[in-house]
Amino acid sequence: MLRYLHGMLLIPNMSIVGRNSELELLEKWWKRPDEGMAIIWGRRRIGKTALAEAFSEGKRVLFHTGTNSAANAELRVISRLAKPLVDSQTRDLIDRPFTDWIDCLDALAMTAKNERVLLVLDEFPELEKSSPELSSILRAFWDRVAKKTKLRILLAGSAVTWMEELQTERSALHGRFTLKLQLHPLAPMHVAAMLPKLAPAACAQVWGLVGGVPLYLKWWEQAQPIEENLRELFCGPGAKLLHEGEYILATEASNSDLARQCLFAIANGRTRYSEIKDAIMTSPARVLEDLIALRLVKRVVPVTEITGRSKLSYYAIADNFLAFWLGPLSKYRSEIARGLGESILPVLLDEIDDFMGARWEDAYRQHLRHLANLQQLRHQRIVAIGSFWRRGPDPAELDAIALAGRSREVVCIGEAKWTREVDASRILPTLTKKAYSLPAVSPTVQYSICARGSVINAPDDCLVITAKDIFSPKSS
């Protein structure tokens, strides 16, 4: 089936990386009878449009992206896109374009009377800005026509707060969505599929700096060294990623100066509640809740804490790119914009290894979760994997602990080092000593060591993980 998008004929068999589970859910939604509408949302650049395009391959589809134009202008574009679908003997959409949204939906419903048609409204918030009544029109249309047609409607958008508001009880569309997909950055194991020419350690570094945002990964020139990529993406007045963080904040934190202050404080080392409070000079409680809901910030507690209300908690920027943009890069952005990027580049390079430490630990924990799902850890029935720390007279800190079963028994203890080589014989005695101070440690606890390049002198029963395990195409 040929498909038209924005008036252009597209070639079939489009493929995307790391979204197989989302595609499967969309296909199930498409095939089941009596389904409601579907909604996809997530921050800009995350791949919503690519996912919707890949899903709509081979289907009778009208795919329109909102531009915040006047309603009649949007409808004229939709009329041109709908021309291949609507029977020309019934209506010439060039001479008689849709007059309003009700006219548009009714015509598509007639077209889908006997054969399914997919209507994709991308950047839906932009459509609602010029047509505030659109949600109510969609609700009335769906309630009136849904069982009489094979039309399927998919809404997508980048304004996370707006898209989530569509699903609340206050929204006219509440209860009409039977499929809800929030897209997140790609996991480490999928990055290598987008960067197949890079060595695993280089993939890890790229992921640490720009995260799992597909478009940022696409912009990374695999044939060029890291210095050249930093120069092109960050260290010039017109660099693609120099101002990208500002666009993210403008979309998701635009209504709160306190939100921005919190984000900058956290990214620059003020991670505990009291430190954030001192930095912004007021209570950050509500702001932090909002930032966590937007997935810009995460609250981290020791994995052994069940309630999540631990006094040991701290806050971290949830996205790698934003952490780099708000952290190391923020000190130099204004001078880069003034043309000093070439001089700043080696200084920025010097900071990368320090910045990568926390990112590498996170990649390690994500990989352990992946292994647990595949039943490839020594112990099964894993219920939690996370970091652990304890203060007081006998402090301890561990990069990863796996808990199993209802008793939450400690079955795996690990440490990650962002170094090319780690000597297991020097680390394992310390891990063993720390294990004695943990609650409910399994007598068959497994030890694990993670390094960027290699682990030497590791016993056979030690779980060794390197960048090659986490960032390799076969993992995707």
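A crossing of two helices is called right-handed if the near helix is turned clockwise from the far one by less than a right angle, and left-handed if anticlockwise. Keep that in mind while looking around this predicted model, as handedness comes up for each helix pair below.

Let's start with α1 and α2. The crossing of these two is right-handed. Helix α1 covers residues 20-31 and helix α2 covers residues 48-56, and their axes come within 10 Å, crossing at roughly 50°. That angle makes α1 oblique to α2. On the α1 side, the touching residues are E22, L23, L26, E27, W29 and W30, while α2 brings L51, A54 and F55. Sorted by class, this contact holds seven nonpolar residues and two charged ones, with no polar residues.

Here is how the helix pairs compare on paper:

| Helix pair | Axis distance | Crossing angle |
|---|---|---|
| α1 and α2 | within 10 Å | roughly 50° |
| α11 and α17 | 10 Å | about 120° |
| α13 and α14 | within 9 Å | roughly 125° |

Next up is α17, which runs over residues 333-373. How far does α17 span between its end C-alpha atoms? The span is only 41 Å, whereas a straight helix of 41 residues would cover 60 Å at 1.5 Å a residue. Have a look at L340 too: a kink of about 125° in α17 is centred there. After the helix comes Q375, with a positive phi near 60°.

α17 also has a packing partner, helix α11 (residues 226-233), and the two meet at an angle of about 120°. α11 and α17 are therefore oblique to each other. Their crossing is right-handed. Which residues make the contact? From α11 they are I226, E227, L230 and R231, and from α17 they are E342, L345, L349 and I352. By class, that gives five nonpolar and three charged residues, and no polar ones.

The last pair is α13 (residues 257-267) with α14 (residues 273-280), whose axes come within 9 Å. With a crossing of roughly 125°, α13 is oblique to α14. This crossing is right-handed as well. α13 contributes L258, Q261, C262, A265 and I266 to the contact, and α14 contributes I276, A279 and I280. Seven of these residues count as nonpolar and one as polar, with no charged residues in the contact of α13 with α14.

Notes. Residues are numbered from 1 along each chain as its sequence is written. This is a predicted model: local features need pLDDT of at least 70, side-chain atom pairs count only at pLDDT 80 or more; totals for chains, interfaces and linings use all residues. Side-chain values use heavy atoms; hydrogens and water are left out. Axes are lines fitted to C-alpha atoms, for helices over the stretch in contact, and angles run from 0 to 180 degrees between N-to-C directions. Helices (H or I, at least four residues) and strands (E, at least two) are DSSP runs, numbered from the N terminus. Angles under 35 degrees count as roughly parallel, over 145 as roughly antiparallel, 65 to 115 as roughly perpendicular and the rest as oblique. Contact means heavy atoms within 4.5 Å. Ala, Val, Leu, Ile, Met, Phe, Trp, Tyr, Cys and Pro count as nonpolar, Asp, Glu, Lys and Arg as charged, and the others, Gly among them, as polar. The expected span of a helix is 1.5 Å times one less than its number of residues. The bend at a residue is the angle between axes fitted to the seven residues ending there and the seven starting there.
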